[in-house]
Amino acid sequence: MSKNSPLGGEARERLLSRVDTMRKSGVAAQPVRPAAATGDKRFTDFSTLPGYEELRVQRSIGDKFGLENPYFRMHDARAGATTEIDGRTLINFSCYDYLGLNGHPEVVEAAKTAIDRYGISCSASRIVAGERIAHRELERALAAHYSVDDAVVFVGGYITNVSVISSLAGAKDLVVSDAVVHNSAVVGSVLSGASRRSFVHNDLDNLEQVLAANRGKYERVLIVVEGLYGMDGDFPDLPRLIDIKNRYNAWLMVDEAHALGVLGSRGGGSAEHFGVDPRQVDVWMGTLSKTLSGCGGYIAGSSTLVDYLKCLSGGFVYSVGMPPLIAASATKSLEIMHREPERVATLHRNAAHFRKVAKEKGLDIGSSVGTAVSPVVVGDSISAVILSQQLFKRGINVQPVLYPAVPAKSSRLRFFLTAMHTEAQIDTAIEALVEERANIPESMRSMKIPGYA
Ligand SMILES: Cc1ncc(COP(=O)(O)O)c(C=O)c1O
């Protein structure tokens with residue numbers, strides 16, 4: 001399972017109930033069961049953890065069917081539209097470098113200059129170790145991008161969601177999120193101690209129903225959505241969300257991890273795509289790991305919000321400052337994105353081309369709308385793994401996303417398209433996929449195999 005994949009379905013519920021239990025009872029305070037006190041290895045051996053048991057069953061079945069693990073593949077050099085694996089060059093659809101800025105000479109130069117000046121690490125939290133100008137330059141650039149007062153960067157995108165959501169909401173509050181938001185947003189909501197509700201993916205009528213039934217019971221309400229959904233490649237109606245959050249006196253948080261650089265003719269993200277004033281969104285969240293070809297997360301919004309998070313959000317206060325080389329290179333990537341909108345235009349053309357050809361060839365693209373995130377829904381997990389493996393043999397690297405990361409029978413190959421791909425590469429991949437799909441026997445598709453839905 002991809003370690004970055006948002007969990008869905010049962011796995012997500014299991015995770016939620018586990019975290020809920022931990023939070024309510026306090027892990028350390030749990031009574032020691034008698035068996036644990038007698039040296040019973042079931043309570044000390046990591047391999048007895050329930051999730052690990054499942055993983056082992058899944059792997060042994062994979063081995064039996066001759067399926068290679070499609071994850072953790074070793075790339076020999078920088079991965080872009082193509083990549084080198086085991087000495088072979090493959091067409092690559094498995095990286096988030098949407099505008100091809102990872103390794104751009106100016107970005108590399110910015111990183112090198114920052115290394116020469118600061119070394120690698122800040123070596124402590126920014127509160128303790130102090131600021132580097134690279135942090136503030138990036139934060140100012142992000143704030144300007146969203147036309148808001150200020151921004152703050154965290155060392156990880158995942159920790160940004162976890163820490164920020166759990167800092168903003170509390171026991172008297174409600175977090176309402178789209179049913180498929182990223183795992184980091186789910187975990188942040190659970191840790192907040194707030195009540196939680198989800199609404200049917202992209203169904204804003206359902207969001208309104210949830211709010212109408214619940215708004216009066218809580219103090220603060222935080223609505224959490226993604227600007228572009230990382231599994232499905234579709235997006236919510238932002239103007240309507242803004243209207244709803246205003247009517248229900250709630251905060252709106254939009255995770256732009258996949259939207260920055262992808263939506264809008266200049267890559268501005270959701271606000272640009274819909275032509276709305278970005279100041280109408282309370283909390284803009286995003287990551288540096290995709291279009292900005294770095295690592296880390298950001299929040300952009302009012303100066304009060306940023307001040308609050310810098311002093312009270314554990315993931316910022318108690319964690320090391322972002323390495324200055326990452327901050328400096330992300331600032332450069334953002335600058336190039338603004339300067340060269342033709343990159344965004346090429347990405348849009350590639351994504352539209354993929355969508356058109358995939359549909360013509362009868363592939364199921366789910367609810368995706370033709371962006372950098374372009375899934376092809378295959379159905380059962382075994383078929384998705386086989387297809388990924390067969391395409392790999394034919395020189396195409398694309399990862400399967402399996403149940404429970406996505407609902408049962410909607411396992412998929414997730415194509416990440418970039419501005420660096422060519423139409424010929426896209427055509428080659430789709431053609432190979434169509435051919436390999438036809439080779440999978442129906443008996444294999446309908447087989448019931450434990451651990452694979
Ligand atoms: C929507 C969304 N939010 C947050 C994250 C976490 O970001 P990062 O991988 O940069 O930690 C991801 C990761 O893929 C994501 O897809």
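Two strands are said to pair if DSSP finds at least two bridges between them, where strands (E, at least two residues) and helices (H or I, at least four) are DSSP runs numbered from the N terminus. The model is predicted, so that local features need pLDDT of at least 70 and side-chain atom pairs count only at pLDDT 80 or more, whereas totals for chains, interfaces and linings use all residues. Residues are numbered from 1 along each chain as its sequence is written.

**View A. Strand β6 is paired with β4 and with β7.** Strand β4 (residues 174-178) runs parallel to β6 over 4 bridges, and S177 stands opposite V224 of β6. Strand β7 (residues 251-255) is likewise parallel to β6, here over 5 bridges, with L252 of β7 as the bridge partner of I223. Of the 6 residues of β6 (residues 221-226), 6 are buried (20 or more other C-beta atoms within 10 Å of the residue's own, against 12 or fewer for exposed and values in between for partly exposed, with C-beta atoms placed from the backbone), so the strand is largely enclosed by the rest of the structure. In a regular strand the side chains alternate between the two faces of the sheet. In β6 both faces are covered, with V221, I223 and V225 buried on one side and L222, V224 and E226 buried on the other.

**View B. Helix α6 turns one face to its buried surroundings.** The helix comprises 13 residues (133-145) and spans 18 Å between its first and last C-alpha atoms, close to the 18 Å expected, the expectation being 1.5 Å times one less than the number of residues. Its buried residues are A134, H135, L138, E139, L142, A143 and H145. Viewed down the axis of α6, these residues fall within an arc of 165° (taken from the directions from the axis to the C-beta atoms) and so line one face of the helix. An α-helix has 3.6 residues a turn, so residues three or four places apart point the same way. The buried residues of α6 pack against α4 (105-118), α5 (126-129), β3 (150-154), β9 (297-301) and α14 (324-339).

**View C. Loop residues S123 and S147 have positive phi, and the bond from Y403 to P404 is cis.** S123, in the loop between α4 and α5, has phi near 65° and counts as exposed because 12 C-beta neighbours lie inside 10 Å. S147 follows just after α6 with phi of about 55°, in the loop that leads to β3, and this residue too is exposed, with 12 other C-beta atoms within 10 Å. The peptide bond from Y403 to P404 has omega near 5°, and P404 is placed in the loop between β12 (399-401) and β13 (411-416). Most residues other than glycine have a negative phi, and most peptide bonds are trans.

**View D. A shell of 15 residues surrounds the ligand.** G157, G230, A257, T287 and S289 come nearest (a residue is near when its C-beta atom, placed from the backbone, lies within 6 Å). Helix α7 (residues 157-168) gives the most to the shell, namely 3 residues.

**View E. Helix α8 is mostly covered.** Of the 10 residues of α8 (residues 183-192), 8 are buried: S184, A185, V186, V187, G188, S189, V190 and S192. Just after the helix, G193 takes a positive phi of about 80°.

Methods: Contact = placed C-beta atoms within 7 Å.
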